[in-house]
Amino acid sequence: MNTGRPSSTGELHCLVTGASGYIGGRLVPELLKVGHRVRCLARNPRKLRDHPWAGRAQVVEGDVTDAGSVAEALRGIDVAYYLVHALGTGSGFEETDRRAAGTFAEQAHAAGVRRIVYLGGLTPRGIPQRSLSPHLRSRAEVGQIFLDALVPATVLRAAVVIGSGSASFEMLRYLTERLPVMVTPSWVHTRTQPIGVRDVLRYLVGSATMPDDVDRAFDIGGPDVLTYQEMMRRYASVAQLRKRLIVPLPMLTPRLSSHWVGLVTPVPASLARPLTESLRHEVVCREHDIARYVPDSSEEPLPFDTALALALRRVREAQVATRWSSAALAGAPSDPLPTDPDWAGGSLYQDERKLTVEAPREALWKVIEGIGGDNGWYSFPLAWAVRGWLDRFVGGVGLRRGRRDAQHLRVGDSLDFWRVEEIEPGHLLRLRAEMRLPGMAWLEMYAEQDDEGRTRYRQRALFHPRGLFGHAYWWSVSPFHAMVFGGMARNITQAAAKGMSAHAKNPRAERIRESPPLGRRSR
């Protein structure tokens with residue numbers, strides 16, 4: 001992939017914020033590939049530890065709202081990529097975005113940074129900024145803050161990004177695959193200009209070497225201008241699905257349709273709402289001036305159908321580098337597991353199970369690392385499903401985020417309504433709950449060896465309650481622990497003893513794994 005030309009002055013030192021997110025996690029290896037040095041600013045550096053590129057990039061801890069940590073991170077930096085936003089952190093997210101961008105611009109100037117590169121949203125022509133959705137309005141305001149700053153800026157404005165694991169792609173994919181007949185809101189007739197994630201990365205990397213006098217915004221998009229309805233029909237065609245029947249329902253508002261999207265797809269309503277609100281107005285590129293500085297080849301930018309086919313192939317081959325859920329969910333607990341039972345002077349409830357396994361530790365670990373997603377949770381599927389539905393009902397992520405990879409996990413991965421907080425290969429998997437709870441919860445699974453040299457499975461469910469309701473919650477669900485957690489422990493050990501995981505017993509998972517190449521699949 002052509003991702004820009006190295007600077008005539010040699011390698012550049014680049015700072016990437018948002019490296020744990022969908023775009024940032026893919027940008028870092030592309031910058032390294034063309035010879036730049038990379039530093040990542042992360043609130044939780046441990047989340048980047050298991051990325052394939054982690055050993056080649058410097059990671060520093062900090063927050064874009066903290067001037068001190070931003071100043072330290074920008075020391076010696078040539079190009080700073082700003083790929084974070086506060087969407088979903090509450091009603092004040094616009095003010096948080098505004099303050100963080102201002103802080104970043106000020107500290108970049110003080111540090112002598114040569115360029116700031118920002119990826120924002122494509123805004124509709126002729127629509128006053130006050131009439132835009134809060135999501136688009138904040139993106140536009142942040143872009144303007146960087147353009148008004150003293151450091152030259154490149155502001156890239158994109159609409160729908162198509163790539164394996166992107167929120168826009170997952171929404172399009174699940175709506176089309178799961179609903180052969182759809183009752184849709186009026187925004188499915190709004191025109192937009194999607195762009196493949198490969199081209200977004202190419203433009204981001206190429207922006208690093210723009211001349212110093214370039215200080216402006218660029219619209220970036222693919223060659224196709226389509227309505228969302230056309231995008232769904234073309235997805236069905238590329239994925240070899242039957243033709244979808246789409247029935248418009250104009251009174252379905254963005255708020256209502258976000259709940260509809262949240263019900264049908266893994267994308268929660270809290271994220272679906274800004275995506276659907278952004279589709280109310282036509283967003284089409286007004287220029288393609290970016291090509292002057294980051295030239296396109298004859299095959300670039302990618303046509304919509306090609307971007308779809310590439311994304312689908314990545315999904316089916318389990319080669320998804322990052323997902324929309326890679327970034328931490330706003331409002332979800334982010335504290336590490338307390339190692340002291342008297343942590344913070346409060347209670348830490350736990351349910352612990354230990355079982356001997358008639359199998360080597362390697363076989364047990366294979367089952368542990370393969371848990372969740374299509375592989376399931378090894379106990380009372382209906383109970384897990386109901387808990388997922390309840391979580392979706394109250395605005396949580398539910399149980400359908402699945403896995404990034406069917407067999408392997410890394411720190412920071414989302415796993416249904418959990419997130420991988422720690423993984424010690426062959427020994428420990430620690431998950432932190434991101435479901436809506438009156439407290440904080442973790443699930444630990446260990447592959448151990450007892451004093452007699454036998455393989456032992458140890459499982460701990462931990463809960464730190466918040467307030468009286470948190471304590472009441474634990475005691476109300478504890479009668480079901482024997483069935484859910486006890487059954488889970490027994491079934492995991494049995495699966496290890498039989499030398500197989502739930503994936504091998506799950507016909508649906510097996511069909512997905514053995515699905516034929518593109519062009520031969522039908523449904």
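Leaving aside its neighbours within four places in sequence, which residues is His 481 in contact with? Keep that question in mind; point 6 returns to it.

1. Overview. Please remember as you look around that this is a predicted model. The protein has 523 residues, and 56% of them count as buried. Its secondary structure comes to 16 helices and 19 strands. Among contacts with a separation of 6 or more, 75% are between residues 24 or more positions apart.

2. The seven-stranded sheet. A good place to begin is the open sheet, where the strands follow the order β3-β2-β1-β4-β5-β6-β11 and pair in parallel. Its edges are β3 (58-61) and β11 (216-219); each has a single partner strand, so one side of each is left without a neighbour in the sheet. From one strand to the next, the twist averages 20°. As general background, strands of a sheet pair through backbone hydrogen bonds, either parallel or antiparallel. To see one parallel pair, find β1 (residues 13-17) and β4 (residues 79-82), which are joined over three bridges. Here Cys 14 has Val 79 in β4 as its bridge partner.

3. Helices on the sheet. Next, look at what packs against these strands. Helix α1 (residues 22-33) touches β1, β2 (37-42), β4 and β5 (115-121), and its direction makes about 170° with that of β1. Helix α6 (residues 197-207) lies across β4, β5 and β6 (153-158), and runs at about 155° to β5.

4. Strand β18 and its partners. Now move along the chain to an antiparallel arrangement. Strand β17 (residues 428-433) is joined to β18 by five bridges, and the two run antiparallel. In this pair, Leu 428 has Tyr 446 of β18 as its bridge partner. β17 and β18 form a hairpin, with five residues between them. β18 also pairs with β19 (residues 455-465), again in the antiparallel sense, over eleven bridges. In that pairing Met 445 stands opposite Gln 459 in β19. The hairpin of β18 and β19 has five residues between its strands, and Gly 453 there takes a positive phi near 85°. Why can we call β18 (residues 439-449) largely enclosed by the rest of the structure? Ten of its eleven residues are buried, so the description fits.

5. Cavities. Rolling a probe the size of a water molecule over the atoms shows where empty space is left. In this model the count comes to four cavities of 30 Å³ or more. The second largest has a volume of about 40 Å³. Its lining includes Ile 162, Pro 194, Asp 224 and Leu 302. Two elements, β10 (195-196) and α10 (304-316), each supply at least two residues of this lining. Sorted by class, the lining has seven nonpolar, two polar and one charged residues.

6. Back to His 481. This residue is found in helix α14 (residues 481-497). Is His 481 buried or exposed? With a relative accessible area of 8%, His 481 falls under the 20% cut-off and is therefore buried. As for the opening question, once its neighbours within four places in sequence are left aside, His 481 is in contact with Asp 351, Arg 353, Trp 474 and Gly 486. Try finding these four residues in the structure above.

Technical notes:
Residues are numbered from 1 along each chain as its sequence is written. This is a predicted model: local features need pLDDT of at least 70, side-chain atom pairs count only at pLDDT 80 or more; totals for chains, interfaces and linings use all residues. Side-chain values use heavy atoms; hydrogens and water are left out. On a 1 Å grid over the protein atoms alone, a cavity is a set of points where a 1.4 Å probe fits but cannot get out, and a pocket is an open set with protein on both sides within 12 Å along at least five of seven lines; lining residues have an atom within 4 Å of a point. Grid points are joined across faces, edges and corners, and a volume is the space filled by probe spheres set on the points. Helices (H or I, at least four residues) and strands (E, at least two) are DSSP runs, numbered from the N terminus. Ala, Val, Leu, Ile, Met, Phe, Trp, Tyr, Cys and Pro count as nonpolar, Asp, Glu, Lys and Arg as charged, and the others, Gly among them, as polar. Two strands pair if DSSP finds at least two bridges between them. Axes are lines fitted to C-alpha atoms, for helices over the stretch in contact, and angles run from 0 to 180 degrees between N-to-C directions. Contact means heavy atoms within 4.5 Å. Buried means under 20% relative accessible area, exposed over 50%, partly exposed in between (1.4 Å probe, protein chains only).
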